[in-house]
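The following paragraphs guide the reader through a predicted model. Please keep the sequence and the structure at hand while reading.

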Amino acid sequence: MSGAVLFAVTGMEGEGWADALRALDPARPVRVWPDVGAPEEIAYACAWKPPAGALKGLAGLRAIFSIGAGVDALVGDPALPAEVPLVRAVDPDLSTRMSEYVVLNVLAHHRRLPRALADQKAHRWIQHDQPAAPAVRVGILGLGELGTDAARKLAVMGFQVAGWSRSPREVEGIACFAGAEGLAPFLARTDILVVLLPLTPATRGIVDTALLRGLARDGALGGPVLINAGRGGLQNEADLLAALTDGTQLAASLDVFETEPLPGDSPFWDLPNVLVTPHMAADIDPAAFARHVLGQIRRLEAGAPLQHVVNRAAGY
Ligand SMILES: NC(=O)c1ccc[n+]([C@@H]2O[C@H](COP(=O)([O-])OP(=O)(O)OC[C@H]3O[C@@H](n4cnc5c(N)ncnc54)[C@H](OP(=O)(O)O)[C@@H]3O)[C@@H](O)[C@H]2O)c1
């Protein structure tokens, strides 16, 4: 019998995810916690905020698949079996969705959409200046799976694109910066900063006053713009709020927040230079997730190594 797959989730409905997997591999037993069946049959787990202890005592567990690209909630879970590889979600569908969000928001600020929306509300006809894309420098903080796809798509549109990663990378057409020493020169050439880092002990709170002050101030837009589609914990919200109100920062698009849902009394809701979205940049599609999981299971069962395994020490 093929190794059984267990969905262990909270805050979302497990059956829909399980059905998507069953549709692609009808012969494989797929269970949804707490209906685990015989625990020794479970070879794979798909997890999102798993119920406490749900993955304990599964002696045959060979891999845990995160239902999401970000694994910050999972790596911090002491109940997660430490010896079982943890795989994060990587799929072209997810990358495409994130790139859509990034392109949408880069263009929104590049083409002055927040000002146009405010003008519409006030019945004001003002033609704000419209710099050309090649005059605008976009910087992607986190040049990984999602960041690289977004960088390439922005480069096609004519923007000057750079990326920053932990280890040195080479991406055609993209200026690549890496490590602590690469951060200052990367920021100094960036008008629109797109944050696509994972949330780890090294990146928590990285978007703070010092980082925002390091962004270029001589750009065509008249001030730096921030787009955070990574995680809310990456931004120091007190610093960001100050920067958005004292003129340090021209504008922002924020998809993620320290507290989600964003509380109704948060000042971010009402800032005219901020576009708020409800953590919707790139939802993973159940069919795409099933394709990714089955692809990895087939690799493993054919004796090939798993891909996209999380480095638990680094936290991503
Ligand atoms: N808002 C949403 O709806 C949504 C949806 C999906 C994902 N996300 C977020 O997007 C994040 C990125 O996803 P991904 O698939 O692109 O991840 P990834 O492929 O692991 O890429 C992460 C990138 O960040 C870099 N990085 C990590 N730690 C760093 C550090 N300390 N200093 C400098 N660079 C560092 C990595 O450097 P190396 O290249 O050297 O490893 C890599 O380039 C996820 O972790 C998740 O939090 C959000």
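**Two sheets, their helices and selected residues**

Strand S1, residues 4-9, pairs with strand S3, residues 42-48, in the parallel sense, and six bridges connect the two. Within this pairing, Phe 7 has Cys 46 of S3 as its opposite residue. Both strands belong to an open sheet of five strands, whose order is S2-S1-S3-S4-S5 and whose pairing is parallel. Its edges are formed by strand S2 (30-32) and strand S5 (86-87), each of which pairs on one side only.

Two helices that pack on this sheet may be considered next. Helix H1, residues 14-24, touches S1 and S2, and its direction makes about 180 degrees with that of S2. Helix H9, residues 286-301, lies across S1, S3, strand S4 (63-66) and S5, and runs at about 160 degrees to S4.

H1 and H9 also meet each other. Two packed helices are described by the angle between their axes and the distance between the axes. The axes of H1 and H9 come within 8 Å and cross at roughly 55 degrees. H1 is therefore oblique to H9, and H1 passes H9 in a right-handed crossing. On the side of H1, the contact is made by Gly 16, Trp 17, Ala 20, Leu 21 and Leu 24. H9 contributes Pro 286, Ala 287, Phe 289, Ala 290, Arg 291, Val 293, Leu 294 and Arg 298. By character, the residues of this contact comprise 10 nonpolar, one polar and two charged.

The edge strand S5 offers a residue to examine in detail, Leu 86. Is Leu 86 buried or exposed? Its relative accessible area is 1%, under the limit of 20%, so Leu 86 counts as buried. With neighbours within four places in sequence left aside, the contacts of Leu 86 include Ile 64, Ser 66, Val 71, Leu 74, Val 75 and Leu 80. Leu 86 is also in contact with His 308, Val 309, Val 310 and Arg 312. A further pair links distance in sequence with distance in space: Leu 86 and Ala 302 are 216 residues apart in sequence, and their C-alpha atoms are 19 Å apart.

A second sheet can now be traced. Seven strands form this open sheet in the order S8-S7-S6-S9-S10-S11-S12, and the pairing is parallel. Strand S8 (175-178) and strand S12 (274-276) stand at its edges; each has a single partner strand, so one side of each is left without a neighbour in the sheet. On average, and with direction ignored, neighbouring strands of this sheet are turned by 15 degrees against each other.

One pairing in this sheet joins strand S9, residues 192-195, to strand S10, residues 225-228, in the parallel sense over four bridges. There, Leu 193 stands opposite Leu 226 in S10. Helix H6, residues 179-188, lies across strand S6 (137-141), strand S7 (160-165), S8 and S9, and it runs at about 155 degrees to S7.

Helix H7, residues 209-213, contains Leu 212. What is the relative accessible area of Leu 212? The value is 0%, and Leu 212 is therefore buried. Residues up to four places away in sequence not being counted, Leu 212 touches Val 207, Arg 217, Asp 239, Leu 240, Ala 243 and Gln 249. Leu 212 and Ala 27 lie 185 residues apart along the chain, and their C-alpha atoms are separated by 53 Å.

The backbone of several loops deserves attention as well. Where S2 is followed by the loop to S3, Pro 34 is found, and a cis peptide bond with omega of about 15 degrees joins Trp 33 and Pro 34. Pro 261 has its place in the loop between strand S11 (251-254) and S12; the peptide bond from Glu 260 to Pro 261 is cis, with omega near -5 degrees.

Positive phi values in residues other than glycine are the last topic. Lys 49, in the loop between S3 and S4, has a phi near 45 degrees. Its relative accessibility is 47%, so Lys 49 counts as partly exposed. Arg 112, in the loop between helix H3 (92-110) and helix H4 (113-121), has a positive phi of about 65 degrees. With a relative accessibility of 4%, Arg 112 counts as buried.

Technical notes. Residues are numbered from 1 along each chain as its sequence is written. This is a predicted model: local features need pLDDT of at least 70, side-chain atom pairs count only at pLDDT 80 or more; totals for chains, interfaces and linings use all residues. Side-chain values use heavy atoms; hydrogens and water are left out. Two strands pair if DSSP finds at least two bridges between them. Contact means heavy atoms within 4.5 Å. Axes are lines fitted to C-alpha atoms, for helices over the stretch in contact, and angles run from 0 to 180 degrees between N-to-C directions. Angles under 35 degrees count as roughly parallel, over 145 as roughly antiparallel, 65 to 115 as roughly perpendicular and the rest as oblique. A crossing is left-handed if the near helix is turned anticlockwise from the far one by less than a right angle, and right-handed if clockwise. Ala, Val, Leu, Ile, Met, Phe, Trp, Tyr, Cys and Pro count as nonpolar, Asp, Glu, Lys and Arg as charged, and the others, Gly among them, as polar. Buried means under 20% relative accessible area, exposed over 50%, partly exposed in between (1.4 Å probe, protein chains only).
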